[in-house]
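User: I'd like a close look at one part of this model, the aromatic cluster and what sits around it. Could you walk me through that in one go?

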Amino acid sequence: MPYSLPDANSVHPIVLPDGQPHLGSVFLRNVIDHPKFKVGDFTYASDFDPPPVGGWANRLAPYLFPMSQETLRIGRYCQIAHGVRFITSSANHAMDGLTCFPFPAFDPEQRIGFQPDTRDTVIGHDVWIGYGALILPGAQIGNGAIIGAGAVVRGTIPPYGVVTGNPGTVSRYRFAQAQIDRLQQLQWWHWPADSIATARPALLGGDLDALNTLS
């Protein structure tokens with residue numbers, strides 16, 4: 001039987017050997033109902049202590065509120081491990097005064113619209129975010145990047161960079177620049193699901209030439 005991708009509209013895409021769904025893994029797009037949290041198809045998150053299906057947005061981005069001025073955007077085919085947290089801009093305090101105490105937040109006449117930091121957080125496509133990583137406000141993570149376990153990430157991470165440590169730094173790149181450029185051009189993550197299923201051997205085998213013939 002030809003391989004096919006799991007149903008993009010499913011909630012629990014991993015089926016255990018006994019036929020039961022793995023409740024700790026979800027396709028995020030199908031469990032996120034939040035005006036400021038946008039997720040692409042086939043991106044999944046896993047948690048050893050999964051929240052209720054409707055609680056994934058708060059688990060992953062606890063400071064992102066419906067009235068927040070920033071947006072958290074995550075691309076397609078991303079992989080998000082247990083313990084990952086996105087600390088979005090609503091969590092930040094003003095730092096240009098003599099104190100960081102947010103007095104306006106406690107003042108009914110000033111708190112509406114009070115948000116010192118409004119930067120979006122943007123995660124590209126096919127990004128793997130490892131166990132316990134912390135993504136800070138305004139981070140921009142490029143396609144194909146790997147964020148190592150426990151890394152603390154801020155700023156801009158280039159496509160296919162491998163980030164480790166605190167502060168998170170690019171320790172290496174997954175591929176040579178010419179290969180990265182070609183992957184960026186191919187944008188396989190936007191292909192139809194049937195085409196990606198056909199391309200699975202090339203994707204898993206690291207065969208860029210074969211992938212190129214399928215584009």
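Analyst: Sure. Bear in mind that this is a predicted model. Let's start with two phenylalanines: both Phe27 and Phe42 are buried.

Searching the whole structure turns up seven aromatic pairs. One of them is Phe27 with Phe42, an edge-to-face pair at 5.7 Å centre to centre, with 85 degrees between the planes. That pair ties together distant parts of the chain: Phe27 belongs to strand β1 (residues 25-27), while Phe42 is in the loop between β2 (37-39) and β3 (44-46), and the two are 15 residues apart.

Then there are the tryptophans. The ring centres of Trp188 and Trp189 are 5.7 Å apart and their planes meet at 65 degrees, so this pair is edge-to-face, the cut-off for that being over 60. Trp188 has a relative accessibility of 8%, so it counts as buried, the limit being under 20%. Trp189, at 1%, is buried because it falls under that limit too. Put the pieces together and you get a cluster, with ring pairs linking Phe27, Phe42, Tyr77, Trp188 and Trp189.

Now for Thr43, which lies in the loop between β2 and β3. Its relative accessible area is 0%, so Thr43 is buried. Not counting residues up to four places away in sequence, Thr43 touches Val26, Phe27, Leu28, Ile74, Gly75, Arg76, Tyr77, Cys78 and Ile80. Two cluster members, Phe27 and Tyr77, are on that list. There's a polar side to Thr43 as well: its side chain reaches the backbone nitrogen of Cys78 at 2.9 Å.

Ile80 leads on to another feature, as this residue touches Thr43 and also helps line the largest cavity. The structure holds one cavity of 30 Å³ or more, and the volume of the largest cavity is about 30 Å³. Besides Ile80, its lining includes Ala45, Ser46, Trp56, Arg59, Leu60 and His82. The elements giving two or more residues to that lining are β3 and α1 (56-60), and α1 supplies the largest share, three residues.

One last ring, outside the list of cluster members: Arg200 lies over the face of Tyr3, 3.7 Å from the ring centre.

Technical notes. Residues numbered from 1 in each chain as written. Predicted model: local features only at pLDDT ≥ 70, side-chain atom pairs only at ≥ 80, totals over all residues. Heavy atoms only, no water. Phe/Tyr/Trp six-rings, centres within 6.5 Å; stacked < 30°, edge-to-face > 60°. Helix = DSSP H or I, 4+ residues; strand = E, 2+ residues; numbered from the N terminus. Buried < 20%, exposed > 50% of the residue type's maximum accessible area, 1.4 Å probe, protein only. Lys NZ or Arg CZ within 6 Å of the ring centre and 35° of its normal. Polar contact = N/O pair within 3.5 Å; in protein donor to acceptor, adjacent residues only side chain to side chain. Contact = heavy atoms within 4.5 Å. 1 Å grid on protein atoms, 1.4 Å probe; cavity = no way out; pocket = protein on both sides within 12 Å on 5 of 7 lines; lining within 4 Å. Points joined across faces, edges and corners; volume = space filled by probe spheres on them.
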